[in-house]
Amino acid sequence: MSKQLFVALSIASACLAQGPGRGPVNPLLNGNPYVSPQEVKGGPIVRLPDGKPDLQGAWLQRTVGNSMSMYSIEATPGHPKTSIPRTAGVIVDPADGVIPYQPWARQREIDLSENHMVEESDAHCFLGGVPHQMYTPFGMRILQPPGFVVMTWEFMHAYRIIPLDGRPHIHPSIKLFEGDSRGHWEGDTLVIDVTNQVARTWLDQSANIHSDAIHVVERITPVDSNNLTYEATIEDSKAYTKPWTIRFSYSRILDPKFEHLEFACIEGEVDVAKH
Amino acid sequence: MKILASISCAVAVVCLVSVPVSSQTKGAPKGKAYIAPRLADGKPDLNGIWEVRAKVDADLEGKVNGKNIIVDPADGKIPYKPEALAKKKENFQKRATEDPLNKCHAPGVPRLAYISYPFQIVESANQPVIAFLSQYVHTLRNINMQGEHLDGLELWFGDSRGRWEGETLVVDVAAFNSDTWFDAAGNHHSDALHVVERFTRTGPETITYEATIEDPKVLTKPFKISLPLMLHTEKNFQIMEYECYALKEGPTFTVGDKPDPQHAK
């Protein structure tokens, strides 16, 4: 049910994206709002006046092979009941591509995917949390106003505000859907430390879960002016036996007229309320 | 006498001219004289976390600091057509259930600027978008600094096209739906709504927000509001989350900071 709702939302937004007044549809989107299919090589890394990489603009994740991390972050043969397709996932450590769950957490993931897909966080119009937010569809825009890196998405009208001034994290008792992000530069790599997340969000649409102890360290590195490498190490002493790492790429959406449209979710939501 | 009068006039003019200059150097607010800090592209820097800090959203026909929020017409009232005024009174009676904010829905424009939640203006040099990020239900409002209005869409926040007029960010907003209200008192509009907003920094910690609102289906003539937005200057202040509908969901959903205990060891 939640899958159908989400697909309906996706189609609606994809139709809007090609509506009147939009100009040419970005070739990178190529009819697929989830992943950009091909890499377009860019020039040298663009820099801000302070010498840091200028990551600004619109981006879309370019995951590897038949992999849609939105569906499943980990390798899976597919799941007929939930219509999750076979995917290689985006986990690069451990090498088997599978989340190193503690037994209770794997059992809960199985129970949720078999019996409680209605709890999928996207279906409730919830924010995705980190890293889930980073592979949601329809494009991400990065802005770098003085002292911050800011990311915005059309999907769920989500945003992340990442201060670079070295301020401490908020108190551990405060829990946020999108977590609390603090960034700094290590050479040309933007390193983001993310804490304070709620346990309610899923890592994908396949019921892969975490607890409120989740701690994510993200590393975003420009390859050239059109491509970024994204890596995140995820640790959670309550849910996993050891930390694990995901990696994928973003390509720049090259159409200078590309714009995010409005994504109203809860305003038209009736499906979940029936359950 | 004539000479003395001329001298005093001259002194007065010099004083008038010198006031803005001195206030500028001291960084003190003095009306239109304030010159905002600049970004690398020379545009006024509106970055910061802003909030109205006054009870504007309760009723747009009320007052802030003793002045009418509605500055035109002079009576401070919305110039409704008779049937639209009747609808407003009906909305007021039903506001507990029908106010879009009580349904966790999008506040729209201009309401986003003066609901009681802070929002961060994200402005970076030479970018096609200025983003407004509100604490109210993680609202993202994009001000496109290029392009034309979209046709054929009805949007909760409308379609925003911004431009700079000197110190002022001017945003033309059209393509609305009719589902948002102007305030918690049931003041309303149709899908013919057209809003022109003006954001002007009038001091180191203030923006004067003005909006001219026209809607030929609902109003006999346009009206204009003016109100102050205040900068949050508390150390490390940041936008948090007001996840309205997540808080309202029923008990079957484990919205919280712990895994469901019956699943945990």
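**Exercise 1. Work out what share of chain B counts as buried, and set out its helices and strands.**

Solution. Start with burial: in this predicted model, 34% of the 265 residues of chain B count as buried. Next, go through the secondary structure: chain B has four helices and 12 strands. Last, look at contacts between residues at least 6 apart in the sequence of chain B: 55% of them join residues at least 24 apart.

**Exercise 2. Do the same job for chain A, and write down the order of its helices and strands.**

Solution. Burial comes first again: buried residues make up 49% of the 275 residues in chain A. Then list the elements: chain A has two helices and 10 strands. Walk along the sequence and you get α-β-β-α-β-β-β-β-β-β-β-β. For contacts in chain A between residues at least 6 apart in sequence, 59% link residues at least 24 apart.

**Exercise 3. Find out how confident the predictor is about chain A, and where pLDDT stays under 50.**

Solution. Take the whole chain: the mean pLDDT of chain A is 84, and 82% of its residues reach 70 or more. Now go to residues 1-30 of chain A, where pLDDT stays under 50. The model has 45 contacts beyond four places in sequence for that stretch.

**Exercise 4. Describe the side of chain A that touches chain B.**

Solution. Count the residues: 40 residues of chain A are in contact with 46 residues of chain B. Then ask which elements of chain A give two or more residues to that side: they are α2 (103-115), β3 (140-143), β4 (148-153) and β5 (159-163). Finally, sort the residues of this side by type: 19 are nonpolar, nine polar and 12 charged.

**Exercise 5. Decide whether A:Ile161 is buried or exposed, and list residues it touches.**

Solution. First, locate A:Ile161: it sits in strand β5 of chain A. Second, count neighbours: A:Ile161 counts as buried because it has 22 C-beta neighbours inside 10 Å, and the cut-off for buried is 20 or more. Third, leave out residues up to four places away in sequence: A:Ile161 then touches A:Phe148, A:Val150, B:Gln120, B:Leu133, B:Gln238 and B:Ile239.

**Exercise 6. Name the residues of the largest nonpolar core that touch the most other members, then follow up on B:Ala131.**

Solution. The largest nonpolar core has 112 residues. Those touching the most other members are A:Trp59, A:Val150, A:Met156, B:Ala131 and B:Leu133. Now pick B:Ala131: leaving aside residues up to four places away in sequence, B:Ala131 touches A:Leu143, A:Val150, A:Thr152, B:Val122, B:Leu140 and B:Asn142.

Key:
Residues numbered from 1 in each chain as written. Chains lettered and ligands numbered in written order. Predicted model: local features only at pLDDT ≥ 70, side-chain atom pairs only at ≥ 80, totals over all residues. Buried ≥ 20, exposed ≤ 12 C-beta atoms within 10 Å, placed from the backbone. Contact = placed C-beta atoms within 7 Å. Nonpolar A, V, L, I, M, F, W, Y, C, P; charged D, E, K, R; others polar. Core = buried A, V, L, I, M, F, W, Y, C linked by C-beta atoms within 7 Å. pLDDT = per-residue confidence, 0-100.
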